[in-house]
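Let's take a walk through this structure together, one piece at a time. Keep the model open beside you and turn it as you read.

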Amino acid sequence: MKNTLSINNNKRVRGQILTLLYAVHPSPIEVRTLSNALLDGNYITSPDIAAHVDYLEEKGYIRRVGQDDSARIPGMLPVTTFVKLAADGVDLMEGTTEDHGVDV
């Protein structure tokens, strides 16, 4: 079982990803840009955010733009991938829904 610090950090990173996407909504943003913003803000120490993007995508909060489903490999995320906020992500950011796995 992961420790509480790690769980809370994951929630915080996911929330920050959604916050960044909400700021540019409805436009997509490149994963490289998200990684750099998270690194600059000291939210992450490694530019690999694939696990967080996968989680948010599986929950329906974000979606990848312009990437063929057959080209997707879980846990692998090309930095040139674009993502954008989905309708459920907007609802979460605007407080009409809640998710205990994401700090917004």
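A good place to begin is L18, which, leaving aside its neighbours within four places in sequence, is in contact with L56, Y61, I62, L85, L92, M93, V102 and V104. Bear in mind as you look that this is a predicted model.

L18 also belongs to a bigger picture. The largest nonpolar core of the model holds 22 residues, and L18 is among those with the most contacts inside it, together with I17, L21, I49, I62 and V83. Several elements contribute: helix 1, helix 2 (31-40), helix 3, strand 3 and helix 4 (87-93) each supply at least two residues of this core. Helix 1 gives the largest share, four residues. As background, nonpolar side chains in soluble globular proteins tend to be buried together.

Now turn to the sheet. Its three strands form an open sheet in the order 1-3-2, with antiparallel pairing. Strand 1 (29-30) and strand 2 (62-65) stand at the edges, and each has a single partner strand, so one side of each is left without a neighbour in the sheet. Strand 1 is joined to strand 3 (residues 82-85) by two bridges, and these two strands run antiparallel. If you would like a residue pair to look for, I29 has V83 as its bridge partner in strand 3. That V83 is also one of the residues with the most contacts inside the core.

Helix 1 (residues 4-24) lies across strand 1, strand 2 and strand 3, and it runs at about 80 degrees to strand 3.

Next, have a look at V65, found in strand 2. Is V65 buried, exposed or partly exposed? Its relative accessible area is 30%, and because buried means under 20% and exposed over 50%, V65 counts as partly exposed. Beyond residues up to four places away in sequence, V65 touches P28, F82, V83 and K84. P28 and V65 are 37 residues apart in sequence, yet their C-alpha atoms are 7.3 Å apart in space.

Finally, move to helix 3 (residues 50-58), where you will find H52. H52 counts as buried because its relative accessibility is 12%, and the cut-off for buried is under 20%. Not counting residues up to four places away in sequence, H52 touches N10, V13, R14 and I17. R14 has another feature to show you: it lies over the face of Y55, at 3.7 Å from the ring centre. As for aromatic pairs, a search of the whole structure finds zero.

How values were computed
Residues numbered from 1 in each chain as written. Predicted model: local features only at pLDDT ≥ 70, side-chain atom pairs only at ≥ 80, totals over all residues. Heavy atoms only, no water. Buried < 20%, exposed > 50% of the residue type's maximum accessible area, 1.4 Å probe, protein only. Contact = heavy atoms within 4.5 Å. Phe/Tyr/Trp six-rings, centres within 6.5 Å; stacked < 30°, edge-to-face > 60°. Lys NZ or Arg CZ within 6 Å of the ring centre and 35° of its normal. Pairing = 2+ DSSP bridges. Axes fitted to C-alpha atoms, helices over the stretch in contact; angles between N-to-C directions. Core = buried A, V, L, I, M, F, W, Y, C linked by side-chain atoms within 4.5 Å.
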